[in-house]
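Work through these exercises with the model open beside you. Try each task before you read its solution.

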Amino acid sequence: MGSFERTEILFGKDAVRRLQKARVAVFGIGGVGGYVAEALSRSAIGQLDLIDSDIIVRSNINRQIYATEKTIGRQKVDVAKERILEINPQAVVRTYPVFYLPETAAQFDFTQYDYVVDAIDTVTGKLMLAKQAKEASVPIISAMGAGNKRNSAMLEVADIYETSVCPLARVMRRELKKWGIDCLKVVYSKEKPITPQYVRVEELEEKTGKLPAGSNAFVPPAAGLMIAGEVVNDLLAEQE
């Protein structure tokens, strides 16, 4: 039995061939984006572009699929590429150890992509991704906040302007209006962020100076798997 035979049973051989020809860019290979890349590679997506400047650290282990004791200190995109090629040796994986921001956006030609996944954290970067995707007429799905959440059952797929509760989604709605972007598919949670149970001042994040969000092994991965499902189903729906 072939690697994707069970997928063929569900979608059909022609559908799997279409997925094998698709090129998807995943911006952010962390708790959410890592599971997006994992599920897409196991769904026969033929080309994956992975964009993330981070190196794996020990605190990633509780939620990030590419983080283990053996991979600490390595570039996330390099570890992700190795694993994807172990799953599907025929895949084409391009890696970019880049911190995506408006200042680095010009490095990426969105017209090459069949779909874009936004799994990064910075608002300015998320807005720029939405803008680039709109200008290139490429479908995009964006992850909202998955930190400080406990209940994966409260995750939903919606247009950004139909979201509620999520603080990040609120900021994105306001800023997207200013940018003239009238729609954006997102995965978000209606769960109210919990109050951190344990923090140490010395654990302030280097980049932001803020306390890190609490996380777990099920909410970010669940969001990533939902995003991957939307990508696959959208790609196949476009060609039906």
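**Exercise 1. Decide whether asparagine 148 is buried or exposed, then examine its phi.**

Step 1. Take the cut-offs: buried means under 20% relative accessible area, exposed means over 50%, and partly exposed lies in between (1.4 Å probe, protein chains only).
Step 2. Asparagine 148 has a relative accessible area of 17%, so it is buried.
Step 3. Locate the residue. Asparagine 148 sits in the loop between strand 5 and strand 6 (155-159). Helices (H or I, at least four residues) and strands (E, at least two) are DSSP runs, numbered from the N terminus.
Step 4. Check the backbone. Most residues other than glycine have a negative phi. Asparagine 148 has a positive phi, near 60 degrees, and is not a glycine.

A note on the source: this is a predicted model, in which local features need pLDDT of at least 70, side-chain atom pairs count only at pLDDT 80 or more, and totals for chains, interfaces and linings use all residues. Residues are numbered from 1 along each chain as its sequence is written, and side-chain values use heavy atoms, with hydrogens and water left out.

**Exercise 2. Do the same for alanine 44: where is it found, and is it buried or exposed?**

Step 1. Alanine 44 lies in the loop between helix 3 and strand 2.
Step 2. Its relative accessibility is 0%, so alanine 44 counts as buried.
Step 3. Alanine 44 is not a glycine, yet its phi is positive, about 75 degrees.

**Exercise 3. Test the length of helix 5 (residues 123-136), then describe its surroundings.**

Step 1. The expected span is 1.5 Å times one less than the number of residues.
Step 2. Helix 5 has 14 residues, so it should span 20 Å. Its end C-alpha atoms are 20 Å apart, which agrees.
Step 3. List the buried residues of helix 5: Gly125, Lys126, Leu127, Met128, Leu129, Ala130, Gln132 and Ala133.
Step 4. Find their cover. It includes strand 1 (23-27), strand 4 (115-118), strand 5 (140-143) and helix 6 (167-179).
Step 5. Look just past the helix. Serine 137 takes a positive phi of about 55 degrees.

**Exercise 4. Name what lysine 126 touches, leaving out residues up to four places away in sequence.**

Step 1. Lysine 126 belongs to helix 5. Its relative accessible area is 1%, so lysine 126 is buried.
Step 2. Apply the contact rule: heavy atoms within 4.5 Å.
Step 3. The partners of lysine 126 are Asp118, Ile120, Asp121, Ser142, Ala143, Met144, Leu168 and Met172.

**Exercise 5. Classify three helix pairs by angle and handedness.**

Step 1. Learn the method. Axes are lines fitted to C-alpha atoms, for helices over the stretch in contact, and angles run from 0 to 180 degrees between N-to-C directions. Under 35 degrees counts as roughly parallel, over 145 as roughly antiparallel, 65 to 115 as roughly perpendicular, and the rest as oblique. A crossing is left-handed if the near helix is turned anticlockwise from the far one by less than a right angle, and right-handed if clockwise.
Step 2. Helix 5 and helix 6 have axes that come within 10 Å and cross at roughly 50 degrees. That makes helix 5 oblique to helix 6. Contacts here include Lys126 and Leu127 of helix 5 and Leu168 and Met172 of helix 6.
Step 3. Helix 3 and helix 4 pack at about 20 degrees, with axes 9 Å apart. They are therefore roughly parallel to each other. Ala37, Glu38 and Ser41 in helix 3 meet Arg83, Ile84 and Ile87 in helix 4.
Step 4. Helix 2 and helix 7 come within 10 Å, axis to axis, and cross at roughly 110 degrees. They are therefore roughly perpendicular to each other. Ala15, Arg18 and Leu19 of helix 2 make the contact with Val232, Leu235 and Leu236 of helix 7.
Step 5. Add the handedness. Helix 5 passes helix 6 in a right-handed crossing. The crossing of helix 3 and helix 4 is right-handed. Helix 2 also passes helix 7 in a right-handed crossing.

**Exercise 6. Which residues of the largest nonpolar core touch the most other members?**

Step 1. A nonpolar core is a set of buried Ala, Val, Leu, Ile, Met, Phe, Trp, Tyr and Cys residues joined through side-chain atoms within 4.5 Å.
Step 2. The largest core has 45 residues, and Val24, Val26, Leu40, Leu50, Tyr66, Ile227 and Val231 touch the most other members.
Step 3. Helix 7 (219-238) gives nine residues, the most to this core.
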